[in-house]
Amino acid sequence: EIRGLLTPPPSREMRIKSEYIHHKEIKGALGVKLIGNGLEKVMAGTPVMVVGEYDEEEDIKQEVMSDLSKLQDKLSTDKKGVMVQASTLGALEALLQFLREETKPPIPVSAIGIGTIHKRDVTKISIMNEKGCPEYATVLAFDVPVERDAREHANDVNVRIFTADIIYHLFDQFTRFMEQLTEKRREDAAGIAVFPSIVKILPQHVFNQKDPIIVGVEVVEGILKVGTPLCVPAIGGLTVGVVTSIECNGREQETARKGSSVAIKIVNETNPTITYGRQFDASHSLYSQLSRASIDALKLHFKDKLENEDWRLVVKLKKVFGII
């Protein structure tokens, strides 16, 4: 039983609070607010159909449910992903489409809902922490309120709640969070990840032969970075040391790519007596000392930093070092 038909004042957004205008009837396409009994379980955004004098009520019910069943594919969820909550079914559908089709890469969604965010919703998405995907322990709330106890519970179980009335703002918030998280993970993995490289010593540019070794080199393949451990596979995998600085034309830099000629400082804290010209010389190429752990770290946190030829070098070095 519909007890009232209300519309906001002309030229006013429905979500801005104001005095509603009461109507006896509504014509044409217009957003209205319905007041009536037994509407507690009505889902916002679903079709409203009138049962006419000669209509079968069960047929009308089936027609309404058939419209909902068509949305099942659009509202399907992933096993791992964020939770998405919206004010209406149409808003939810639009947000899901945006996250899956317009974002690069797509943002997976594991749970959906309509209306206010409650404590139970936070508990539901917090399982992503247990699944090893803490970045997805996140609620994207589009134009919906968040209960106070839900926010408090979110802080306790390490769940983030991002809210906005515009889809792009919601996306921007989550993107900034992911960028910060990615950078943090890269910093944590920097001590494990080793970028692939092969360098050739330039014999006319040997500045210090021992503790530290300072030589000019040409990067023959890959990416040489500060912190890279270097070895000589041709001499039983002799560990030369770790690159502590890279300099080009008097300026220090963090990396040197294929084709670059730079001066590098190499320190070997475990064997400071190793000497250029004694244990090794310019006839030996220096290789980045890769391991299974360092390759896994590259794949997880630095995949976009390596080009295809760099990954081919990784495959080549796996064979050199006998890495499975």
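The following conversation covers confidence, salt bridges, a pocket, a cavity and one proline in a predicted model.

Trainee: What is the mean pLDDT of the protein chain?

Mentor: The model is predicted, and the mean pLDDT of its protein chain is 89. A pLDDT of 70 or more is reached by 91% of the residues.

Trainee: Where is the pLDDT below 50?

Mentor: That applies over residues 12-16. Beyond near neighbours in sequence, this stretch has 8 contacts in the model. Where pLDDT is low, the predicted coordinates should not be read in detail.

Trainee: On to charges. How many salt bridges are there?

Mentor: The count comes to 12 salt bridges. One of them pairs Lys-200 with Glu-218, whose closest N and O atoms are 3.6 Å apart. Lys-200 belongs to strand S8 (residues 197-209) and Glu-218 to strand S9 (residues 213-225), so that this pair links distant parts of the chain, 18 residues apart.

Trainee: Is that pair buried or exposed?

Mentor: Neither term applies: Lys-200 is partly exposed at 37% relative accessibility, and Glu-218 is partly exposed with a relative accessible area of 26%.

Trainee: And Arg-257, which residue does it form a salt bridge with at 3.9 Å?

Mentor: That partner is Glu-307, with the closest N and O atoms 3.9 Å apart. Arg-257 lies in strand S13 (residues 255-257), while Glu-307 lies in the loop between helix H7 (292-301) and helix H8 (308-321), so the pair ties together parts that are 50 residues apart in sequence.

Arg-257 also forms a salt bridge with Asp-310, and there the closest N and O atoms are 2.9 Å apart. This second pair links strand S13 to helix H8, with the two residues 53 apart in the chain.

Trainee: Which of these counts as buried, and at what relative accessibility?

Mentor: Asp-310 counts as buried because its relative accessibility is 2%, and buried means under 20%. Arg-257, at 32%, counts as partly exposed, and Glu-307 is partly exposed with a relative accessible area of 44%.

Trainee: Which residues are joined into one network by salt bridges that share partners?

Mentor: Glu-57, Glu-58 and Lys-61 are joined in that way.

Trainee: Changing topic: what is the volume of the second largest pocket?

Mentor: Its volume is about 400 Å³. The pocket is lined by 15 residues, of which Lys-104, Pro-105, Ile-107, Phe-174 and Met-178 are the closest to its centre.

Trainee: What is that lining by class?

Mentor: The lining of the second largest pocket has 8 nonpolar, 3 polar and 4 charged residues.

Trainee: How many cavities of 30 Å³ or more are there?

Mentor: The count is 1 cavity. About 40 Å³ of space lies in the largest cavity. Its lining has 7 nonpolar, 1 polar and 1 charged residues by class; among the lining residues are Asp-211, Asn-268, Pro-272 and Ile-274.

Trainee: Last one, Pro-108. Where is its place?

Mentor: Pro-108 is in the loop between helix H2 (89-102) and strand S5 (109-114). Pro-108 is buried, with a relative accessible area of 18%.

Trainee: What does Pro-108 touch, not counting residues up to four places away in sequence?

Mentor: Pro-108 touches Asp-78, Lys-80, Gly-81, Val-82 and Tyr-136. For Lys-80, which is 28 residues away along the chain, the C-alpha atom is separated from that of Pro-108 by 6.7 Å.

Terms used
Residues are numbered from 1 along each chain as its sequence is written. This is a predicted model: local features need pLDDT of at least 70, side-chain atom pairs count only at pLDDT 80 or more; totals for chains, interfaces and linings use all residues. Side-chain values use heavy atoms; hydrogens and water are left out. pLDDT is the predictor's confidence in each residue, from 0 to 100. Contact means heavy atoms within 4.5 Å. A salt bridge is a side-chain nitrogen of Lys or Arg within 4 Å of a carboxyl oxygen of Asp or Glu. Helices (H or I, at least four residues) and strands (E, at least two) are DSSP runs, numbered from the N terminus. Buried means under 20% relative accessible area, exposed over 50%, partly exposed in between (1.4 Å probe, protein chains only). On a 1 Å grid over the protein atoms alone, a cavity is a set of points where a 1.4 Å probe fits but cannot get out, and a pocket is an open set with protein on both sides within 12 Å along at least five of seven lines; lining residues have an atom within 4 Å of a point. Grid points are joined across faces, edges and corners, and a volume is the space filled by probe spheres set on the points. Ala, Val, Leu, Ile, Met, Phe, Trp, Tyr, Cys and Pro count as nonpolar, Asp, Glu, Lys and Arg as charged, and the others, Gly among them, as polar.
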